[in-house]
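Trainee: Before we discuss the model as a whole, please take a close look at one part of it. I should like the account to be connected, with the cut-off behind each term.

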Amino acid sequence: MIQKLSKFYIGGKWVTAHGQTVTEVVNPASLEVCATVANATRADVDAAFEAAKHAFDTWSQTSATQRKTFMLAAADAMERRKDDFVDAHVSTLGVPRTQAVEMQIDGPIEAMRYFAGLCDRVDEVEESEGMLITREPVGVCALINPWNYPLLQMIGKVGPALAAGCTMVEKPSEETPTVDFIMAEIFDEIGLPGGVFNLISGIGSEIGPLMSAHPLADMVSFTGSTRSGISVAEQAAPSVKRVCQELGGKSAFIIAEGANLEEAVEYGVNNVFLNAGQTCDALTRMLIPDSCYTQVVEIAQRVGLAHIAGDPESASTTVGPLVAMRQKELIDKYLAIGIEEGAQVLVGGVGYPQGVNTGAFVKPTIFANVTPDMRIAREEIFGPVLCIMKYESIEQAIEIANSSEFGLSSAVWAKDKVAATKIAKRMRAGQCFIQGGYFRVDAPFGGFKQSGNGREWGHAGMDEYLEIKAIIA
Ligand code: NAD
C-alpha cells in the first residue's frame, strides 16, 4: 500500500499543503513507490515559520521541568512506535530489518532522554563580581536533515532545540520523510504546544534555500553534503544567522604496530559496511604498517566475505541496498574508477551482489594497495567501500590521515590506550575513536575543515541552540 502524506504539521495542526505536486518515495530494494509526500511551497514555508515565531514567546519561557516532561513523554511514545519506525527505515532506506532497532532507533530514543536531562542547562548562571552571564534559547530554528540516519539526525537537532526552549521548522530528506511524519504524530499525541515543532517536506534545492534565508529563522542547522551545506551558509549569510553545518567525511583509521590486528581489522571492515556504507563518519581509509600488511589483507578479506548483501527482509542480510538507484550508479562508478586507478579488489567490485539482479544494491567492496593520490582515497564515496593503504612510519600515517580536505572523524588502534591517545591527539578531526570506541550521544560530534562548522551531540550540541548574555551592573 502506498502511504499518502498530503498534509504538513504546522502550528499544532495537520494542514493541507498549498502546492499541487508530490515527491514519490521509492523502496530502494524493490524499486516500488512506498509513499508520496507533498512538496511545500513558499506559502507553506512561511506558514511554518510564522507558527514557530508565534510559539517562541511562550515556549522559551517554560520551565526546564515542563520541557523535560514533554521530552520524556516523547521518548516513551517513541518506544511505543518502534515497529512503525522499523517499517519506515526498512521501506525507505533499505535497512536490514534485523538491524534496524539497534542501528537506527534505540540511539534516538536514548538521545531524546539525554537531551531532556539537559533542559536545565538554560538556567545555569555564572556570577562574577556582580556580573551575570546567562544562557537563552537562540530562537526559531530551521532544521534540514539527510536520509542516512533519518531519526538519529532528526533527534540530534530537535532534541537540543526543544531542551533549549527554541521552536523549529524541520525538513526531512526527500528519500526518508516518513520517519519525520511519525515523530510529528508523536509530538501531536503528547500535546506539545502548537508551533513548537513544525514539519514541512519537499524538494531540498527549492525549499532548503527558502528555509536557510527565512527572515523569521534565527539559526539553521544543516546535515548533508558539503555542496548543499555551502549553499545553506550562503543563503543564511545576508541575515547573519547562526549556521551549524554537519557535512561529509573521508575518515582515516590508523592501525599502529602492536595493535591486535584481528580485532582492529574486523572493527574497521564492519564499520564501513554498516548501513551500506552510508555513514558520514565511516572509517573509509584504513592505514596499515608495511610490516603487517599481508596479515591485514588476509583478515580484511575473510571479514569482508562473511558479509551478505541483499534483501533487507532476510535475517541473514548484513548489508542492504543503497538509498536510491542514483547512489548505486555513483558507487559503481567509483568502483570502476578504483579498478582503473590500479587498486586491488580484495572483496566485491562492480555490479550486483550474488543472487541479486534488481534494486539499488552494490557489492560491499574492499580495495587494497590504495595510494593517497587515488580518487577513491580522497573523495567521499558514501557506499560500502573500504580503501586499505600502507605506511612506513607513524609520522607518515598521520600525514596521510590529515591530508584530507575533510576532518569529521578518525580512529586509532594501537598496542594500548595510552599509545592510541598520543596519536589521537594529532588527528585533525572532530572525533577519534580509539581501541574500538563507538558513537555516543554525549560525545560532541562535528567537523574540522570542510566537514562542517559547529557541533551536534553532548553539551556542545546543546550550546548551538543557546545565546550567551552578559548582564553587567
Ligand atoms: P544532501 O546535501 O543532498 O541533502 C541533505 C538535505 O539537504 C536534504 O534534506 C535535502 O533535501 C537538503 N538540500 C538539498 N539541497 C539543498 C539546498 N540547496 N539548500 C538547503 N537544503 C538542501 O545530502 P544527502 O545526500 O542527503 O546526505 C549525504 C551527505 O550527508 C553525505 O555527504 C554525508 O557525509 C553527509 N552527512 C553528514 C553528517 C554529519 O553529521 N556530518 C551526517 C549524515 C550525513
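Mentor: I shall begin with glutamate 124, which is partly exposed at a relative accessible area of 38% (under 20% is buried, over 50% exposed, and partly exposed lies in between, using a 1.4 Å probe and protein chains only). The model is a predicted one, in which local features require pLDDT of at least 70 and side-chain atom pairs pLDDT 80 or more, while totals for chains, interfaces and linings use all residues. Numbering starts from 1 along each chain as its sequence is written, and side-chain values rest on heavy atoms, without hydrogens or water.

The partner of glutamate 124 is arginine 121, and the closest N and O atoms of this salt bridge are 3.8 Å apart (the term requires a side-chain nitrogen of Lys or Arg within 4 Å of a carboxyl oxygen of Asp or Glu). Arginine 121 is buried, its relative accessible area being 11%, whereas glutamate 124 is partly exposed. The count of salt bridges by this rule is 23.

A further pair consists of arginine 97 and glutamate 313, whose closest N and O atoms are separated by 2.7 Å. Arginine 97 belongs to helix 4 (residues 97-116) and glutamate 313 to the loop between helix 10 (293-305) and helix 11 (325-341), so the bridge ties together parts 216 residues apart in sequence; helices (H or I, at least four residues) and strands (E, at least two) are DSSP runs numbered from the N terminus. Arginine 97 is partly exposed, with 32% relative accessible area, and glutamate 313 is partly exposed as well, with 46%.

Arginine 242 and glutamate 467 also join their side chains in a salt bridge, at 3.1 Å from N to O. This pair connects distant parts of the chain, since arginine 242 is in strand 12 (residues 242-246) and glutamate 467 in strand 23 (residues 466-471), 225 residues apart. Arginine 242 is partly exposed, with a relative accessible area of 25%, and glutamate 467 is partly exposed at 37%. Elsewhere, Asp76, Glu79, Lys82, Asp106 and Arg113 are joined into one network by salt bridges that share partners.

Helix 4, which holds arginine 97, also packs against another helix. Its axis and that of helix 5 (residues 150-164) come within 9 Å and cross at roughly 5°; axes are lines fitted to C-alpha atoms, for helices over the stretch in contact, and angles between N-to-C directions run from 0 to 180 degrees. On the helix 4 side, the residues that meet helix 5 are Gln104, Ile105, Gly107, Pro108, Ala111, Met112 and Phe115 (contact means heavy atoms within 4.5 Å). Helix 5 contributes Pro150, Leu151, Leu152, Ile155, Gly159, Pro160 and Ala163.

A second helix pair is formed by helix 2 (residues 64-80) and helix 6 (residues 178-189), whose axes come within 9 Å and cross at roughly 130°. Here Ala74, Ala77, Met78 and Arg80 of helix 2 touch Met183, Ile186, Phe187 and Glu189 of helix 6.

Finally, threonine 284 is found in the loop between helix 9 (261-273) and strand 14 (285-289). With a relative accessibility of 10%, threonine 284 is buried. Leaving aside residues up to four places away in sequence, threonine 284 is in contact with Lys250, Ser251, Val272, Val385, Leu386 and Cys387.
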